[in-house]
Amino acid sequence: MKILLVSWSVLPQSGGTSVIVENLAKNFSKDEMIVLGAKTMFQKNDIKRSSKHAQFRYFFSEMYLFGRGYRYFIWFRKWRFQPLVRHIKNLIVEEKIDHVIGVYPNPFYCLAACQAAKELSIPFSSYFHNTYTENVAITDSKAEEIQAEIFDYSTNIFVMSKGMQRFYEKKYRLNKFIPLVHTFDEYPDKKQLTGIPYTDKKTYKLVAIGNFNESNLDATKRLLRAIKDNPKYSLSVYTHVPKVLLQQRGLDTSFFEHMGSVAPEEIHAALQNYDICVLTHGFTGGYGDVEYQTIFPTRTIPFLLSGKPIFAHSPQGSFLNDFIEENKCAVLVDEADETAIIKGLDNLCANAGLQQSLVDAAEKTSEQFYGVNVADFLKNKLR
């Protein structure tokens, strides 16, 4: 079987979806998968990839100003939609594709993949990393029509978490929603691990990774307010989002050290310089309630592999909370309360046994995201 995976977001574009697609593709050979992604006018495709693994192709559909302004060029992307459909159809024929997978979030690329597969009568599956029509941030008047077409033609509708699966099954009464989790392709060398912080430190170095958008802004702000005047804790943040944009989003950048972006292959080494990994998950914000219940942060996986204890600030009723409580892999504070945050951090730092048990549980939990296992699961489902 040969798969064509169509995703708007692929490396070198930043973001969780790019990392998810990259890690998944590493577990397929060049004869098993081709990945098609978007590129900008001046994009340099300088990603070093093995010639043995899935091959990446690019389609020009993006225009930006200094890397920003996605919404201002939607007109250009729409103008490129039919050429994209034709390009996908040509790839299907030339590469003798047996199954097409369209990835959301991005309705244009997912829909183009769906329509191309339908026109050639090729089996198609969709892969939803987030909810679409349920997201209050989506304003496209054709969103319900687009989702209905994709759902209807999908043999399988892969989703990012069990939480999304439960929600979709209850709402749409379909039995083709299947969790396909994030992946990592290689376990880090345990010799690199610098160990847990134990309990005798005067200052604990916290670290966070991400885009810090509506998915976790309120929780991140609350964490910053909790630790800003506490000399026991310092926070470093790895993100490709510039300081000025973080400030516009309401984050006081004087409360943490902005470390800039970090390449996926460098994350593990960077985390070894810190004591505790911090995972913030939105309670409220610009997304709908369903988004906050079902999304699963991509950065969870490198934290599980880091050999460091994880501290999570996440709302009750979310799938992330269910996941943490089931696997006992993090200290969880699910109250929107700054005092509770400090209490949770203090308890974690004072208990070496707890720190070690969290690290051990995290290592065991990471097995379910190991790329070889996830790829085998996907192949079996498509067969």
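A nonpolar core is a set of buried Ala, Val, Leu, Ile, Met, Phe, Trp, Tyr and Cys residues joined through side-chain atoms within 4.5 Å, where buried means under 20% relative accessible area, exposed over 50% and partly exposed in between (1.4 Å probe, protein chains only). The model is predicted, with local features needing pLDDT of at least 70, side-chain atom pairs counting only at pLDDT 80 or more, and totals for chains, interfaces and linings using all residues. Residues are numbered from 1 along each chain as its sequence is written, and side-chain values use heavy atoms, with hydrogens and water left out.

**Exercise 1. Find the residues with the most contacts inside the largest nonpolar core, and the helix that gives the most to it.**

Step 1. The largest core has 62 residues, and Leu4, Ile88, Val100 and Phe128 have the most contacts inside it.
Step 2. Helix 4 (residues 107-119) gives the most to this core, with nine residues. Helices (H or I, at least four residues) and strands (E, at least two) are DSSP runs, numbered from the N terminus.
Step 3. Let's look around Ile88: leaving aside residues up to four places away in sequence, Ile88 touches Leu4, Val6, Leu36, Ala112, Ala113 and Ala116. Contact here means heavy atoms within 4.5 Å.
Step 4. There is also a second, separate core of 29 residues, with Ile227, Val237, Val331 and Val333 among them.

**Exercise 2. Work out how helix 7 and helix 13 pack, and which residues meet.**

Step 1. Helix 7 (residues 217-227) packs with helix 13 at about 70°, and their axes are 9 Å apart. Axes are lines fitted to C-alpha atoms, for helices over the stretch in contact, and angles run from 0 to 180 degrees between N-to-C directions.
Step 2. The two helices are therefore roughly perpendicular; angles under 35 degrees count as roughly parallel, over 145 as roughly antiparallel, 65 to 115 as roughly perpendicular and the rest as oblique.
Step 3. From helix 7, Arg222, Leu223, Arg225, Ala226 and Ile227 meet Glu338, Ile341, Ile342 and Leu345 of helix 13.
Step 4. Sorted by type, the contact has six nonpolar, no polar and three charged residues. For this sorting, Ala, Val, Leu, Ile, Met, Phe, Trp, Tyr, Cys and Pro are nonpolar, Asp, Glu, Lys and Arg are charged, and the others, Gly among them, are polar.

**Exercise 3. Do likewise for helix 13 and helix 14.**

Step 1. The axes of helix 13 (residues 338-349) and helix 14 (residues 352-365) come within 6 Å and cross at roughly 95°.
Step 2. That makes helix 13 roughly perpendicular to helix 14.
Step 3. Asn347, Leu348 and Cys349 of helix 13 meet Leu354, Gln355 and Leu358 of helix 14.
Step 4. This contact divides into four nonpolar, two polar and no charged residues.

**Exercise 4. Why do Cys277 and Cys349 lack a bond to the closest cysteine sulfur?**

Step 1. A disulfide is a pair of cysteine sulfur atoms within 2.5 Å.
Step 2. The sulfur of Cys277 is 12 Å from the closest cysteine sulfur, in Cys329, which is too far for a bond.
Step 3. For Cys349 the closest cysteine sulfur is in Cys277, 12 Å away, again too far.
Step 4. The count of disulfides comes to zero. Cys277 is buried at 0% relative accessibility, and Cys349 is buried at 2%.

**Exercise 5. Is Leu320 buried or exposed, and what does Leu320 touch?**

Step 1. Leu320 sits in helix 12 (residues 319-327).
Step 2. With a relative accessible area of 0%, Leu320 is buried.
Step 3. Not counting residues up to four places away in sequence, Leu320 touches Leu279, His281, Phe296, Pro297, Thr300 and Ser314.
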